[in-house]
Amino acid sequence: MSNVEQSFQMPFTPTPRDFSGFPMPASVPKGMRLELSRSRIRPGQEETFDEWMNMLNSRPDELQESLPAERQLFEATFRHTEADGSTWIYHLSLMGEDGRGNDESIPIDAAHVAYSKQAKEPGWEELEPRFMLAPAQLLASMKRYAESGHDNG
């Protein structure tokens with residue numbers, strides 16, 4: 001690695017906490033929010049990040065139970081190492097507008113939040129959504145779930 005590469009560090013500028021979110025593109029159905037967020041993993045906490053993801057992967061039934069209140073239609077988490085060596089978490093989410101965040105009175109949510117605070121830098125950078133596509137046969141079910149947390153169709 002050259003001296004220029006060694007001195008460069010990918011900046012991290014969290015979005016202000018009061019940010020209400022980007023406007024949704026026309027391709028995102030009314031009542032839904034599409035978000036892609038990223039945060040830097042704290043240096044030296046890469047193993048904690050792996051433990052966090054292993055914990056989530058080992059408790060799918062508990063996580064499924066928390067989805068209706070959050071109005072989560074889809075969530076995915078990715079790990080990426082930048083050219084400067086920093087490690088980042090990317091989180092993709094499609095949810096109903098009326099969903100709430102983690103409920104720390106629920107054990108899985110409390111563990112999730114605790115790992116988050118230990119492994120990643122506080123806050124998220126929000127990327128601007130521009131387009132979404134889903135099969136037509138899924139959209140009606142997705143809209144119902146986004147509104148109520150249930151698909152009664």
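## Report on a predicted model: buried charges, cores and salt bridges

Arg40 belongs to strand 1, which covers residues 32-40. The model is a predicted one, and the values below are computed from it.

**Surroundings of Arg40**

Arg40 is buried but takes part in no salt bridge. The nearest side chain of opposite charge belongs to Glu121, at 4.4 Å. A salt bridge requires a side-chain nitrogen of Lys or Arg within 4 Å of a carboxyl oxygen of Asp or Glu. What does lie 2.5 Å from a polar atom of the Arg40 side chain? The partner there is the backbone oxygen of Met10. Residues up to four places away in sequence aside, Arg40 touches Gln9, Met10, Pro11 and Phe12, then Ser86, Thr87 and Trp88, and also Lys120 and Glu121.

**Overall architecture**

The protein has 5 helices and 4 strands, and their order along the sequence is α-β-α-α-β-β-α-β-α. Its C-alpha atoms fill a box of roughly 60 × 35 × 30 Å along the principal axes. The protein consists of 153 residues, and 37% of them count as buried. The exposed area is about 9,600 Å², with carbon and sulfur atoms supplying 52% of it. For contacts between residues at least 6 apart in sequence, 76% join residues at least 24 apart.

**Nonpolar cores**

In soluble globular proteins, nonpolar side chains tend to be buried together. The largest nonpolar core here has 10 residues: Ile41, Phe49, Trp52, Met53, Met55, Leu56, Ile89, Ile108, Ala111 and Ala119. Helix 2 (46-57) and helix 4 (107-119) each supply at least two of its residues. Helix 2 gives the most to this core, namely 5 residues.

Two alanines of this core can be described further. Ala111 lies in helix 4 and, not counting residues up to four places away in sequence, touches Met55 and Arg59. The C-alpha atoms of Ala111 and Trp52 are separated by 8.5 Å, while the two residues are 59 apart along the chain. Ala119, with residues up to four places away in sequence again left out, touches Ile41, Arg42, Gln45, Thr48, Phe49 and Trp52. A second, separate core has 8 residues, among them Leu34, Leu94, Ala134 and Met142.

**Tyr145 and Arg71**

Tyr145 sits in helix 5, residues 136-148. Is Tyr145 buried or exposed? Its relative accessible area is 16%, so Tyr145 counts as buried. Leaving aside neighbours within four places in sequence, the contacts of Tyr145 are Leu67, Pro68, Arg71, Gln72, Leu73, His150 and Asp151. Tyr145 is also 9.8 Å from Met32, C-alpha to C-alpha, across 113 residues of sequence.

One of the contacts of Tyr145 is Arg71, in the loop between helix 3 (60-70) and strand 2 (72-81). Arg71 has a positive phi of about 60 degrees although it is not a glycine. With a relative accessible area of 17%, Arg71 is buried.

**Salt bridges**

How many salt bridges does the structure hold? The count is 6, including the three in this table.

| Pair | N to O distance |
|---|---|
| Glu82 and Arg38 | 3.7 Å |
| Arg38 and Glu125 | 2.6 Å |
| Arg130 and Glu128 | 3.5 Å |

The pair of Glu82 and Arg38 links distant parts of the chain: Glu82 is in the loop between strand 2 and strand 3 (87-96), Arg38 is in strand 1, and the two are 44 residues apart. Glu82 is buried, at a relative accessible area of 16%, and Arg38 is buried, at 11%.

Arg38 also meets Glu125 in a salt bridge. Because Arg38 lies in strand 1 and Glu125 in strand 4 (residues 125-127), this pair ties together parts that are 87 residues apart in sequence. Both Arg38 and Glu125 are buried.

The bridge between Arg130 and Glu128 has other surroundings: Arg130 is exposed, with a relative accessible area of 63%, and Glu128 counts as partly exposed, at 45%. Salt bridges with shared partners join Arg38, Glu82 and Glu125 into one network.

Technical notes:
Residues numbered from 1 in each chain as written. Predicted model: local features only at pLDDT ≥ 70, side-chain atom pairs only at ≥ 80, totals over all residues. Heavy atoms only, no water. Buried < 20%, exposed > 50% of the residue type's maximum accessible area, 1.4 Å probe, protein only. Lys, Arg positive; Asp, Glu negative; His and termini not counted. Polar contact = N/O pair within 3.5 Å; in protein donor to acceptor, adjacent residues only side chain to side chain. Contact = heavy atoms within 4.5 Å. Core = buried A, V, L, I, M, F, W, Y, C linked by side-chain atoms within 4.5 Å. Areas by Shrake-Rupley, 256 points an atom, 1.4 Å probe, with all protein chains shown as cover.
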